[in-house]
Amino acid sequence: MGVSYATAQDVADRWRPLTSDETSVATVLAADASAVIRARFPGIDGQVDSGAVDPDILKMVVAGMVKRALISPAEGVSQQSETAGPYSHSQTFANPMRNVYLTEADLVLILGYIPTGSSHNFANDTTDCSASYGYVYGW
């Protein structure tokens, strides 16, 4: 397993001071989040070493992944309703396992912005719009 792309202190710097218990959990979650990124993008460590991927982007993404997991309520219940008569009870769960996951925004940060658009032929024909765009980092 490789080194975590972010630390508990990186999470605290981007959010708020962490308790000692939160710091311990954040350290484990940062390692998990880094493993998720490595599983999704095999060879990313080589891309970081070569300078093709900015390590600060990975630090920011991992810190965000950890924060999402930490803000989940400990029991996983994000909403609860109760009615006395004739009895009703409901709960809504939000990430009860405190899983770390990549969002679409995280993927854009890691992969780079992928422009979309159309090609146009201009009357003076001095603009070449035939170039195709790919992922910034070659994935």
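## Close-up views of a predicted model

**View 1. Arg68 and Asp106 pair up in a salt bridge.** In this predicted model, the closest N and O atoms of Arg68 and Asp106 are 2.7 Å apart. Arg68 belongs to helix 4 and Asp106 to helix 5, so the pair ties together parts that are 38 residues apart in sequence. Asp106 has a relative accessibility of 7%, so this residue counts as buried. Arg68 is listed among the buried residues of helix 4 too. As background, side chains of opposite charge can pair when their charged atoms come close.

**View 2. Here is the whole protein, to get your bearings.** Five helices and two strands turn up in the protein, and along the sequence they run α-α-α-α-β-β-α. Of the 139 residues, 28% are buried. Take the contacts with a separation of 6 or more: 67% of them join residues 24 or more positions apart. On the outside, the accessible surface adds up to about 9,000 Å², and carbon and sulfur atoms account for 54% of that.

**View 3. The largest nonpolar core brings together 28 residues.** Which residues have the most contacts inside this core? They are Ile37, Ile44, Leu58, Val62 and Val66. Helix 1 (8-14), helix 2 (20-40), helix 3 (44-50), helix 4 (55-70) and helix 5 (104-111) each chip in at least two residues. Helix 4 gives the most, with nine residues. In soluble globular proteins, nonpolar side chains tend to be buried together. Zoom in on Ile37 and, leaving aside residues up to four places away in sequence, you'll find it touching Tyr5, Ile44, Leu58, Val61, Val62, Met65, Leu102 and Ile110.

**View 4. Helix 4 packs against four other helices: helix 1, helix 2, helix 3 and helix 5, through its buried residues.** Those buried residues include Ile57, Leu58, Val61, Val62, Met65 and Val66. Helix 4 is 16 residues long and spans 22 Å from its first C-alpha to its last, close to the 22 Å expected at 1.5 Å a residue. At the start of helix 4, look for Asp54: one of its side-chain oxygens comes to within 2.9 Å of the backbone nitrogen of Asp56.

**View 5. Glu22, in helix 2, has a salt bridge with Arg16.** The closest N and O atoms of Glu22 and Arg16 are 2.7 Å apart. Arg16 has a relative accessible area of 31%, so this residue is partly exposed. Glu22 also has a polar side-chain atom 2.9 Å from the backbone nitrogen of Thr19. Not counting residues up to four places away in sequence, Glu22 touches Arg16 and Pro17.

**View 6. Asp45 and Arg38 form another salt bridge.** In this pair, the closest N and O atoms are 2.7 Å apart. Are the two partners buried or partly exposed? Asp45 is partly exposed, with a relative accessible area of 30%, whereas Arg38 counts as buried at 18%. The protein's salt bridge count comes to three.

**View 7. Ser72 sits in the loop between helix 4 and strand 1 (77-83).** Although in a loop, Ser72 is buried, with a relative accessible area of 8%. Where does Asn99 come in? Its C-alpha atom is 9.4 Å from that of Ser72, and the two residues are 27 residues apart along the chain.

How values were computed
Residues numbered from 1 in each chain as written. Predicted model: local features only at pLDDT ≥ 70, side-chain atom pairs only at ≥ 80, totals over all residues. Heavy atoms only, no water. Core = buried A, V, L, I, M, F, W, Y, C linked by side-chain atoms within 4.5 Å. Buried < 20%, exposed > 50% of the residue type's maximum accessible area, 1.4 Å probe, protein only. Contact = heavy atoms within 4.5 Å. Areas by Shrake-Rupley, 256 points an atom, 1.4 Å probe, with all protein chains shown as cover. Expected span 1.5 Å × (residues − 1). Polar contact = N/O pair within 3.5 Å; in protein donor to acceptor, adjacent residues only side chain to side chain. Salt bridge = Lys/Arg side-chain N within 4 Å of Asp/Glu carboxyl O.
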